[in-house]
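The following exercises concern the packing of a protein chain. Please study the sequence and the structure before reading each solution.

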Amino acid sequence: MRWMRFRIRTTTAAEDILVSSMEDVGLYGAQIEDHVPLTAAEKEQMFVDILPEGPADDGRAVLSFYLQEDEDGNLVIEHGEADNSAVYSGGSLQSIQPGPEQEHVTPQEMKRRIEDKIKELRQYCDDLGDGTVLVEETQDTDWANSWKQYFHQFWIDDILVLPSWEEPAVAEIKPALVFHIDPGTAFGTGAHETTQLCIRAIRKHLTDRTRILDVGTGSGILAILALMLGAERAVGTDLDPCAEPAIRENITVNKVPAEKFHFILGNLVNDPKVQEEVGEQCYDIVAANILPDVLVPLTPAAVKALKPGGYYITSGIVDGREQEVSCAMEKAGLTDITVTNQGEWHCVTGRKPAAEI
């Protein structure tokens with residue numbers, strides 16, 4: 001499937017008006033590239049290995065719009081509902097669905113319409129910036145598969161993490177466990193130091209009776225590996241609805257019984273319904289590979305979910321911030337607090353007293 005991408009160089013101040021105005025010429029579903037810092041709400045949603053960081057906001061932005069090509073090389077424009085147009089979603093371009101009216105135009109004509117709309121906007125908007133329109137042809141397979149060349153199998157001690165498109169490489173040491181993953185999602189792959197630190201800490205305290213709660217579970221890597229290593233049951237929470245299908249896929253490919261993993265959508269920090277469903281004093285291990293800004297307020301709820309004698313394992317902590325998490329654990333009544341590190345990242349583990357005080 002072939003697509004034409006129209007990239008408009010503009011400013012962050014003009015993003016909204018440009019996205020809205022491009023609907024007049026048949027362009028919907030923009031991909032936005034800028035350096036605007038994440039809001040507090042956006043940061044709260046990012047239960048991932050590490051928080052993305054980038055250059056300081058320089059006020060510049062690039063908007064990308066996509067149109068599908070027909071067999072003659074013309075572009076298909078849907079007039080009517082915006083939902084019927086092409087959008088960039090989940091790593092690939094989604095197909096156009098039949099709409100109330102279709103128009104076929106040349107790429108040159110489409111570029112002219114965009115430039116005319118930008119010229120019109122300049123009459124009452126001073127913040128459009130460059131306004132240059134770049135035209136590029138691409139294919140859906142480029143977006144869906146080209147990234148695979150950068151992700152290959154790797155080891156976490158004696159565990160082999162294997163992407164779906166590779167065969168195990170010949171190794172002198174036979175892996176104790178092979179974890180299959182297709183990381184074509186927005187979640188972590190297990191390759192990051194923070195995830196590996198968490199996995200090692202979980203293995204240290206794991207038994208065949210372990211019940212584990214994985215907060216910010218993403219694609220379920222920590223919880224599923226715990227089950228494969230012998231844990232009795234796992235519960236995972238996440239704010240992203242995309243976590244559930246990712247978990248199902250990884251459970252299936254690794255032949256883990258689905259009934260052993262329960263997913264809860266929501267925020268354990270401050271949602272009473274999630275806290276009630278998670279339960280109190282139910283888990284031998286609570287793991288959270290998130291960020292210090294989330295780990296600190298999460299700690300009281302995590303400790304409440306732990307059984308007496310259970311372990312709270314946290315990661316995603318960069319150099320200099322491990323003390324914040326340790327202090328939060330001490331304040332919540334945890335003991336035997338230990339810190340391990342890999343590179344510039346730290347894992348902080350605390351234990352709930354065996355007898356409630």
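A nonpolar core is a set of buried Ala, Val, Leu, Ile, Met, Phe, Trp, Tyr and Cys residues joined through side-chain atoms within 4.5 Å; buried means under 20% relative accessible area, exposed over 50%, partly exposed in between (1.4 Å probe, protein chains only). This is a predicted model, in which local features need pLDDT of at least 70, side-chain atom pairs count only at pLDDT 80 or more, and totals for chains, interfaces and linings use all residues. Residues are numbered from 1 along each chain as its sequence is written, and side-chain values use heavy atoms, with hydrogens and water left out.

**Exercise 1.** Determine which residues of the largest nonpolar core touch the most other members.

*Solution.* Step 1: the core holds 34 residues, of which I159, F179, I202, I212, L225, F261 and I313 touch the most other members. Step 2: helix α6 (residues 221–228) supplies the largest share of this core, seven residues. Helices (H or I, at least four residues) and strands (E, at least two) are DSSP runs, numbered from the N terminus.

**Exercise 2.** Establish where the buried residues of helix α10 lie around its axis.

*Solution.* Step 1: in α10 (residues 322–331), the buried residues are V325, S326, A328 and M329. Step 2: they cover an arc (taken from the directions from the helix axis to the C-beta atoms) of only 160°, so they are on the same side of α10. Step 3: the face turned away from the buried side carries the exposed residues E330 and K331. Step 4: G333, with a positive phi near 95°, follows α10.
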